[in-house]
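Here's a quick briefing to read with the structure open beside you. Have a look at the fold first, then work through the points by topic.

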Amino acid sequence: MRAITIPEPGGPEALVLAEVPDPVPGPGEVLVEVAASAVNRADVLQRQGLYHVPPGAPPYPGLECSGRIAGLGPGVSGWAVGDEVCALLAGGGYAEQVVVPAGQLLPVPKGVDLVTAAALPEVTATVWSNVFMVAHLRPAETLLVHGGSSGIGTMAIQLGKAVGAKVAVTAGSAEKLAACRDLGADILINYREQDFTEAVTPDVILDIMGAKYLQRNVDALAVNGRLVIIGLQGGVKAELNLGVLLSKRAAVAATSLRPRPLDEKAAIVAAVREHVWPLIEAGAVRPVVDRTLPLADAPEAHRLLEASGHIGKILLRI
């Protein structure tokens, strides 16, 4: 089969389309013929040599995919060859085939085409696990989403609104803020022009920036607020005034999805299927796709992601 490989870390040109061995499903695994994958920040870090692949995961980038089941490993039940699925991956989505633990499979939601479904697994699992399973966002609370026009951001806006929360977002342009508004965001903050701490007092913050925003995030939080850090685009080290944290009885959590044990990922995927899939099938929540490129154009897809001009997800069609 063909896959995007990374012979040596580097820029987008380090992504090379090559022939690689066909994967074989083991016990509890499913072989998926990939229709599409999606580009995530972790793929960029992996290409740069800054994100190590978890043990046993395919060496190729790609943390989610959609496609059709082509084979079942021993002990798999509930799925059949030919089923249309999308999947959360530990890696390997930039390929014609990938092996997936059965617990990380999802059916393609009704009303979503097979290619577009590749935009769903990573963002729905990330948002649901962090905003709802960790931070326990409740109706009538305020959610602040940094990077509101990103794949994660566009999903967080919609899920926050779907449960009855008020949603604030930060973004760096009028175009991106308009896209957030169209998805239901209530408070629009251009971080180039306004300090978000002066614009909103959120109960929950979903943060992709890390160190750069740490103190300001805590300063902004409401009493009993919850900050969940899922990205480090603004660095890894920062000082924090614990007195502010104590005075607000606030909590700071930091999570990652890719290296989690299989049982934890399966529990998250099951929760997504239970809570998010009905919202998608009812039309209350939808995947947001900026553009779709062929697999061979993976270097260009990475350039586009790094330029941060996109809104929603960038997909690779296999």
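What follows covers a sheet, a strand pair with its crossover, a helix packing and one loop residue. Keep in mind that this is a predicted model.

**The six-stranded sheet**

- Six strands line up in the order 10-9-8-11-12-13 to make an open sheet, and the pairing is parallel.
- The edge spots go to strand 10 (187-190) and strand 13, each with a single partner strand, so one side of each has no neighbour in the sheet.
- Going from one strand to the next, the twist averages 15°.
- Inside this sheet, strand 8 (residues 142-146) and strand 9 (residues 166-171) run parallel and are joined by five bridges.
- To find your place in that pair, look for Thr 142, which sits opposite Lys 166 of strand 9.

**Strands 14 and 15**

- Strand 14 (residues 289-294) and strand 15 (residues 313-317) are another parallel pair, again held together by five bridges.
- Here Pro 294 stands across from Arg 317 in strand 15.
- To get from strand 14 to strand 15, the chain passes through helix 9 (residues 298-307), making a right-handed β-α-β crossover.

**Helix 2 against helix 7**

- Helix 2 (residues 121-134) packs on helix 7 (residues 262-275) at an angle of about 90°, and the axes are 9 Å apart.
- That angle is why the two helices, 2 and 7, count as roughly perpendicular to each other.
- Helix 2 brings Thr 124, Ala 125, Trp 128, Ser 129 and Met 133 to the contact, while helix 7 brings Ile 268, Ala 271, Val 272 and His 275.
- Sort the residues of this contact by type and you get six nonpolar, three polar and no charged.

**Thr 255 and its surroundings**

- You'll find Thr 255 in the loop that links strand 13 (251-254) to helix 7.
- Its side chain makes a polar contact of 2.4 Å with the side chain of Asn 130.
- Leaving out residues up to four places away in sequence, Thr 255 touches Asn 130, Val 134, Val 228, Ile 229, Ile 230 and Arg 260.

Notes:
Residues numbered from 1 in each chain as written. Predicted model: local features only at pLDDT ≥ 70, side-chain atom pairs only at ≥ 80, totals over all residues. Heavy atoms only, no water. Pairing = 2+ DSSP bridges. Helix = DSSP H or I, 4+ residues; strand = E, 2+ residues; numbered from the N terminus. Right-handed = clockwise from strand over helix to strand, strands pointing away. Axes fitted to C-alpha atoms, helices over the stretch in contact; angles between N-to-C directions. Parallel < 35°, antiparallel > 145°, perpendicular 65-115°, else oblique. Contact = heavy atoms within 4.5 Å. Nonpolar A, V, L, I, M, F, W, Y, C, P; charged D, E, K, R; others polar. Polar contact = N/O pair within 3.5 Å; in protein donor to acceptor, adjacent residues only side chain to side chain.
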